[in-house]
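This briefing sets out the fold, the helix packing and the surroundings of selected residues in one protein. Please consult the sequence and the coordinates alongside the text.

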Amino acid sequence: METTPDSEEHDNSWSVNLEQPRHAGDRDRIVEEAISAVERTTAGNHVNLVTHGDCGHPETYLFDALEDAFGDVEYEYVDRCGCGGHVTRVHV
């Protein structure tokens, strides 16, 4: 799993870790880094957005932001991690 969002384009499916201490309680940071991760994922692949549990279920803050940024983006809630975070898969 990626430890930080990087600036490289991903021509494969990948995961981005948005549950580090700097993400705790910072929904704006998570949304910003999630949008950046989706932008760097090439068509035909997906990115798993692993969000911090302290921010709550991603449907309360992330799903609308994804729709606003990308229009009719395809995403799905995968599951809650054992550590308390949440996984959302975004198909590009």
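In this predicted model, Val92 has a relative accessibility of 37% and therefore counts as partly exposed, a class that lies between the 20% and 50% cut-offs. Val92 is found in the segment that follows strand β4, which covers residues 86-91. The remaining points begin with the surroundings of this residue, then turn to the overall fold, the pair of helices and further individual residues.

**Val92 and Thr42**

- Apart from neighbours within four places in sequence, Val92 is in contact with Val38, Thr41, Thr42, Ala43, Gly44 and Asn45.
- Between Val92 and Arg40, which are 52 residues apart along the chain, the C-alpha separation is 9.7 Å.
- Thr42, one of the contacts of Val92, is situated in the loop that joins α1 to β2 (46-51).
- With a relative accessible area of 14%, Thr42 is buried, because the cut-off for that class is under 20%.
- When residues up to four places away in sequence are not counted, Thr42 touches Glu9, His10, Asp11 and Asn12, as well as Val92.

**Overall fold**

- The protein contains two helices and four strands.
- Read from the N terminus, these elements follow the order β-α-β-α-β-β.
- The radius of gyration is 12 Å, close to the 12 Å that the globule rule gives for 92 residues, so the protein is as compact as a globular protein of that length.
- The C-alpha trace spans about 30 × 25 × 20 Å along its principal axes.
- Of the 92 residues in the protein, 43% are buried.
- Considering contacts between residues at least 6 apart in sequence, 59% join residues that are at least 24 apart.

**Packing of the two helices**

- Two packed helices are described by the angle between their axes and by the distance between those axes.
- Helix α1 comprises residues 27-39 and helix α2 comprises residues 63-70; their axes come within 10 Å and cross at roughly 45 degrees.
- That angle makes α1 oblique to α2.
- The crossing of α1 and α2 is right-handed.
- On the α1 side, the residues that meet α2 are Val31, Ile35, Val38 and Glu39; their counterparts in α2 are Ala65, Leu66, Ala69 and Phe70.
- Classified by type, this contact of α1 with α2 has seven nonpolar residues, one charged residue and no polar residues.
- Val38 appears both in the contact with α2 and among the contacts of Val92.

**Glu19 and Val50**

- Glu19 occupies the loop between β1 (14-18) and α1.
- Glu19 and His52 are 33 residues apart in sequence, and their C-alpha atoms are 3.9 Å apart in space.
- Residues up to four places away in sequence being left out, Glu19 touches Val50, Thr51 and His52, together with Cys83 and Gly85.
- Val50, one of the residues touched by Glu19, belongs to strand β2.
- Val50 has a relative accessibility of 2% and counts as buried.
- The C-alpha atoms of Val50 and Cys81 are separated by 8.4 Å, the two residues being 31 residues apart along the chain.

**Arg80**

- Arg80 is placed in strand β3, which covers residues 74-80.
- At 47% relative accessibility, Arg80 counts as partly exposed, because exposed residues are those over 50%.
- Neighbours within four places in sequence aside, Arg80 is in contact with Gly53, Gly85 and His86.
- Gly85 is thus named for Arg80 and is also touched by Glu19.
- Arg80 and Ser15 are 65 residues apart along the chain, with their C-alpha atoms separated by 14 Å.

Conventions. Residues numbered from 1 in each chain as written. Predicted model: local features only at pLDDT ≥ 70, side-chain atom pairs only at ≥ 80, totals over all residues. Heavy atoms only, no water. Axes fitted to C-alpha atoms, helices over the stretch in contact; angles between N-to-C directions. Parallel < 35°, antiparallel > 145°, perpendicular 65-115°, else oblique. Left-handed = near helix turned anticlockwise from the far one by under 90°. Contact = heavy atoms within 4.5 Å. Nonpolar A, V, L, I, M, F, W, Y, C, P; charged D, E, K, R; others polar. Rg over C-alpha atoms; globule rule 2.2 N^0.38 Å. Buried < 20%, exposed > 50% of the residue type's maximum accessible area, 1.4 Å probe, protein only.
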